[in-house]
Amino acid sequence: MSTSSLSPQTFGLPWPDLNDGLSYNDVVKPSDSELTLIEFYSSKYKSSAPLQGWLQRIRNGQITVDGEVVRDSNTILRVGSELVYHRLAWREPDAPYLLEVLYEDDDMIALNKPGGLQVLPGGLFQQRTVLTQLLWRQTQKIHHLACQESHPVPVHRLGRGTSGILLCAKTKHAKTQLAAYFADGTSHIGDDSDTNMKLHTIRKISKIYRALVTGILCEDEVIVKQPIGTVRYPGVAKGLYVASPTGKPALSKVEVLERDIQKNHTIVQVEIQSGRPHQIRIHLSFIGHPLLGDLLYVAGGQPKCLGSDFVDESFADDGGFKRPTKPVPGDCGYNLHAHQVVLSHPSSNEVIKITAPLPLVLRTREEIEELSSVM
């Protein structure tokens, strides 16, 4: 079944100026007893704020102990005490809010995610996410229909700067099945590229992306099998994903669709047989053709800025670290689009093909001419 002929529907509510803030809960463990309040937070949550930032938060009255605001940073903690850090409301960076529905039934919904919108909460984006819009949409439906349903949740991620198809499950069964589809592709990656590139004929899901890369890719087809691991990187607490010989296996098939000698860039199609974080960005840069406009990755699958563990101890108004000055994974500016997904329906096993319309910049000249002829 193909969904490309269905008329598009959109939904989304404009973002409020400020979000609702956040609350982080902790219970003091025996190993943490006798610590002072500032020792607890500055040691447990180093990536959230520097020492002076945590002192400011305590003095602001943003931390409660067993329901009472405590402003003395030297307060001794006792086992079992309940701590709550109240993060103040803030204005999140600009992000689009409208989402196009590409496919929907009782089990799942496929969205056309715009570039610049984060999928799940993280960092500065706690409200301005796809998940929030899905929740708001479901709340409206429940209010209108007076019925209770579980709201859809994304079953995989797309980078904030990446546009295109995002699959979301509406039931527990669909969530389990779809998550298994994605995990299955990654688990089968090995050393035999010929075998792996045939897997899409038996796999439950296949994903095809469009990308605009720097330079002219000479080969018509390239199989990239570079493993992906992590390195320490300022501003990325869990480490930055990069091309690494000691990383986890990853496999991408890159096909050239059009070369533009004059502009020195190439439009490619990428089919991924695994789903490592930032895999396409890393693999394309690894072969010497990073995404045009990618601020983070350069040739070799490494970041532009590496080798400095310096952390800026200055902090923002809320006490947290200021935004990193070096590029980070969430930076936008590149053109990468999840164009097509073919999958077995999680309940019926019917083969479904979902297509997200291509941005103009990722269309070949022939596709642009075809588009013009029907308008």
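**Arg128 first**

I started with Arg128 and listed its contacts, skipping residues up to four places away in sequence: Trp15, Pro16, Asp17, Arg91, Glu92, Pro93, Asp94, Ala95, Leu117 and Gln118. Note to self: this is a predicted model.

Where does Arg128 lie? I found Arg128 in the loop between strand S7 (108-113) and H3. Buried or exposed? Arg128 comes out at 4% relative accessibility, which is under the 20% cut-off, so I logged Arg128 as buried.

Next I checked the polar atoms of the Arg128 side chain. The backbone oxygen of Pro16 lies 3.1 Å from one of them. For the backbone oxygen of Pro93, I noted 3.3 Å to a polar atom of that side chain. I also looked up Glu92, one of the contacts: its C-alpha is 7.1 Å from that of Arg128, with the two positions 36 residues apart in sequence.

**The network around Arg128**

Which residues share a network of salt bridges with Arg128? I got Asp17, Arg91 and Asp94, linked together with Arg128. Within that group I pulled up the pair Asp94 and Arg91, whose side chains meet at 3.0 Å, N to O. Asp94 is exposed at 58% relative accessibility, while Arg91 is partly exposed at 46%. Arg128, in the same network, is the buried one I noted above at 4%.

**Other salt bridges**

How many salt bridges does the structure hold? I have 12 in my notes. The background is plain enough: side chains of opposite charge can pair when their charged atoms come close.

I looked at Arg259 and Asp220, which form a salt bridge at 2.8 Å, N to O. This pair links distant parts of the chain: Arg259 is in strand S14 (residues 252-260) and Asp220 is in the loop between strand S10 (205-214) and strand S11 (221-224), 39 residues apart. Arg259 is partly exposed at 27%, and Asp220 is exposed at 53%.

Strand S14 turned up again with Glu258, which forms a salt bridge with Arg365; the closest N and O atoms are 3.8 Å apart. Arg365 sits in helix H7 (residues 365-373) and Glu258 in S14, so this pair ties together parts that are 107 residues apart in sequence. On accessibility, I have Arg365 as partly exposed at 47% and Glu258 as buried at 16%.

**Aromatic pairs**

How many aromatic pairs does a search of the whole structure find? It gave me 7. I opened Trp15 and Trp136: ring centres 5.6 Å apart, planes at 55 degrees, so I logged the pair as tilted. Trp15 lies in the loop between strand S1 (9-11) and strand S2 (22-27), and Trp136 lies in helix H3 (residues 130-145), so the pair ties together parts that are 121 residues apart in sequence. Trp15 is buried, at 12% relative accessible area. Trp136 counts as partly exposed at 21%. I recognised Trp15 from the contact list of Arg128.

Then I went to Tyr24 and Tyr85. Their ring centres are 5.6 Å apart and their planes are at 10 degrees, so this pair is stacked. It links distant parts of the chain, with Tyr24 in strand S2 and Tyr85 in strand S5 (residues 82-87), 61 residues apart. Tyr24 is partly exposed at 34%, whereas Tyr85 is buried at 3%.

Which residues form one aromatic cluster with these two tyrosines? I listed Phe40, Tyr41, Tyr45 and Trp54 alongside Tyr24 and Tyr85.

**Charges over rings**

I checked Trp54 from that cluster for a charge over its ring. Arg57 lies over the face of Trp54, 4.5 Å from the ring centre. A second case is Phe11: the charged end of Arg137 sits over its ring, 4.7 Å from the centre.

**Cysteines**

How many disulfides are there? With the cut-off at sulfur atoms within 2.5 Å, I count 0 disulfides. I looked up accessibility for two cysteines anyway. Cys168 is buried, at 0% relative accessibility. Cys218 is exposed, at 65%.

Note on methods. Residues are numbered from 1 along each chain as its sequence is written. This is a predicted model: local features need pLDDT of at least 70, side-chain atom pairs count only at pLDDT 80 or more; totals for chains, interfaces and linings use all residues. Side-chain values use heavy atoms; hydrogens and water are left out. Buried means under 20% relative accessible area, exposed over 50%, partly exposed in between (1.4 Å probe, protein chains only). Rings of Phe, Tyr and Trp (its six-membered ring) pair if their centres lie within 6.5 Å; planes under 30 degrees apart count as stacked, over 60 as edge-to-face and the rest as tilted. Helices (H or I, at least four residues) and strands (E, at least two) are DSSP runs, numbered from the N terminus. A charge sits over a ring if NZ of Lys or CZ of Arg is within 6 Å of the ring centre and within 35 degrees of the ring normal. A salt bridge is a side-chain nitrogen of Lys or Arg within 4 Å of a carboxyl oxygen of Asp or Glu. Contact means heavy atoms within 4.5 Å. A polar contact is a pair of N or O atoms within 3.5 Å; within protein, one must be able to donate a hydrogen and the other to accept it, and residues adjacent in sequence count only if both atoms are side-chain atoms.
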